[in-house]
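Trainee: I'd like a close look at the pocket side of this model, please. Take your time, and show me how the rest of the chain fits around that picture.

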Amino acid sequence: MKLQVAIDVLTTEAALEIAGKVAEYVDIIELGTPLVKSEGLTAVTAIKEAHPDKIVFADLKTMDAGELEADIAFKAGADLVSVLGGADDSTIAGAVKAAKAHNKGIVVDLIGVADKVTRAKEARALGAKFIEFHAGLDEQAKPGYNLDVLLSAGEEARVQFSVAGGVNLSTIGAVQRAGADVAVVGGSIYGAEDPALAAKQLRAAII
């Protein structure tokens, strides 16, 4: 199982600082949507130039103009780009077309999708590299939120998938047991007092 760090800071400088501390322990460096909106795709270029050996994920959460937006991100240095599962099939297909042209990948993010299992299968059939079973920060803040809902859906869908939504040292084992291909960790790394140590411990917890 790969380890992905989701960097949800607001400046390229801060992202480079965190990435520099944790890169040796992670496989994928994700530039979160707030960062991309704040700094633009120059942040993607900066991270890729600093860490050319890592998979760089631009979390655009594209909802329309899939081919165009994905193409822009790939040209900026992204290896993976996200499209929302709620987007039209043609949007996902367009993004996949751009990915194939660049020999890169599209991740379909199921945040806000009610029937995650069905949409995961559909998105995978459209050419997504993997599907992200994702609960956003707002959903995680709701009373009673439980990561198990995502894990169960991922297991049932039987597609290549990642899990994002409160993954930390105490839950990463369950993510791996559910069969996830990628564990996405955000605040538990970038918000830690020692991000490098947090990433090292998470890496060590992956069997």
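Mentor: One term before we start: a residue counts as buried when its relative accessible area is under 20%, and as exposed when that area is over 50%. Keep in mind, too, that this is a predicted model. By that cut-off, 52% of the 207 residues of the chain are buried. The chain folds into eleven helices and eight strands, and its C-alpha trace spans about 45 × 35 × 30 Å along the principal axes. A compact globule of 207 residues would have a radius of gyration near 17 Å, and the 16 Å found for this chain agrees with that. Contacts also reach a long way along the sequence: of those between residues at least 6 apart, 64% join residues at least 24 apart.

Now for the pocket itself. The idea behind finding one is simple: roll a probe the size of a water molecule over the atoms, and you see where empty space is left. The largest pocket here has a volume of about 410 Å³. Its lining takes in 24 residues, and nearest the centre you'll find Ala6, Asp8, His134, Leu137 and Gln140. Several elements give two or more residues to that lining: helix 2 (33-39), helix 7 (137-140) and helix 10 (187-190), along with strand 3 (55-62), strand 6 (130-134) and strand 8 (182-185). Helix 10 gives the most, with three residues. As for chemistry, the lining is a mix of ten nonpolar, nine polar and five charged residues.

There's a second largest pocket too, with a volume of about 180 Å³. Among the residues that line this second pocket are Lys2, Ile28, Asp79, Lys104, Phe130 and Val182. By class, the second lining holds five nonpolar, two polar and five charged residues.

Strand 6, which you met in the lining of the largest pocket, also helps cover the buried residues of helix 8, and that's a good reason to look there next. In helix 8 (residues 148-157), the buried residues are Leu150, Leu151, Ala153, Gly154 and Ala157. Looking down the helix axis, you'd see them fall within an arc of 165°, so they line one face of helix 8. Turn to the face away from that buried side and you reach Val149 and Glu156, both exposed. Besides strand 6, the cover over the buried residues includes helix 6 (116-125), strand 7 (161-164) and helix 9 (172-177). Just after helix 8, Arg158 has a positive phi of about 55°.

Helix 6 brings us to a loop, the one between strand 5 (105-109) and helix 6, where Ala114 sits. Ala114 has a relative accessible area of 81%, so this residue is exposed. In space, the C-alpha of Ala114 lies 9.4 Å from that of Gly86, although the two are 28 residues apart in sequence.

For contrast, try Thr91, in helix 5 (residues 89-102). Its relative accessibility is 6%, so Thr91 counts as buried. Leaving aside residues up to four places away in sequence, Thr91 touches Thr62, Met63, Asp64, Ala65, Gly66 and Val83. When you turn the model around, start at His134 and its neighbours around the pocket centre, then move over to the buried face of helix 8.

Note on methods. Residues are numbered from 1 along each chain as its sequence is written. This is a predicted model: local features need pLDDT of at least 70, side-chain atom pairs count only at pLDDT 80 or more; totals for chains, interfaces and linings use all residues. Side-chain values use heavy atoms; hydrogens and water are left out. On a 1 Å grid over the protein atoms alone, a cavity is a set of points where a 1.4 Å probe fits but cannot get out, and a pocket is an open set with protein on both sides within 12 Å along at least five of seven lines; lining residues have an atom within 4 Å of a point. Grid points are joined across faces, edges and corners, and a volume is the space filled by probe spheres set on the points. Helices (H or I, at least four residues) and strands (E, at least two) are DSSP runs, numbered from the N terminus. Ala, Val, Leu, Ile, Met, Phe, Trp, Tyr, Cys and Pro count as nonpolar, Asp, Glu, Lys and Arg as charged, and the others, Gly among them, as polar. Buried means under 20% relative accessible area, exposed over 50%, partly exposed in between (1.4 Å probe, protein chains only). The arc is that of the directions from the helix axis to the C-beta atoms. Contact means heavy atoms within 4.5 Å. The radius of gyration is taken over C-alpha atoms; the globule rule is 2.2 Å times the number of residues to the power 0.38.
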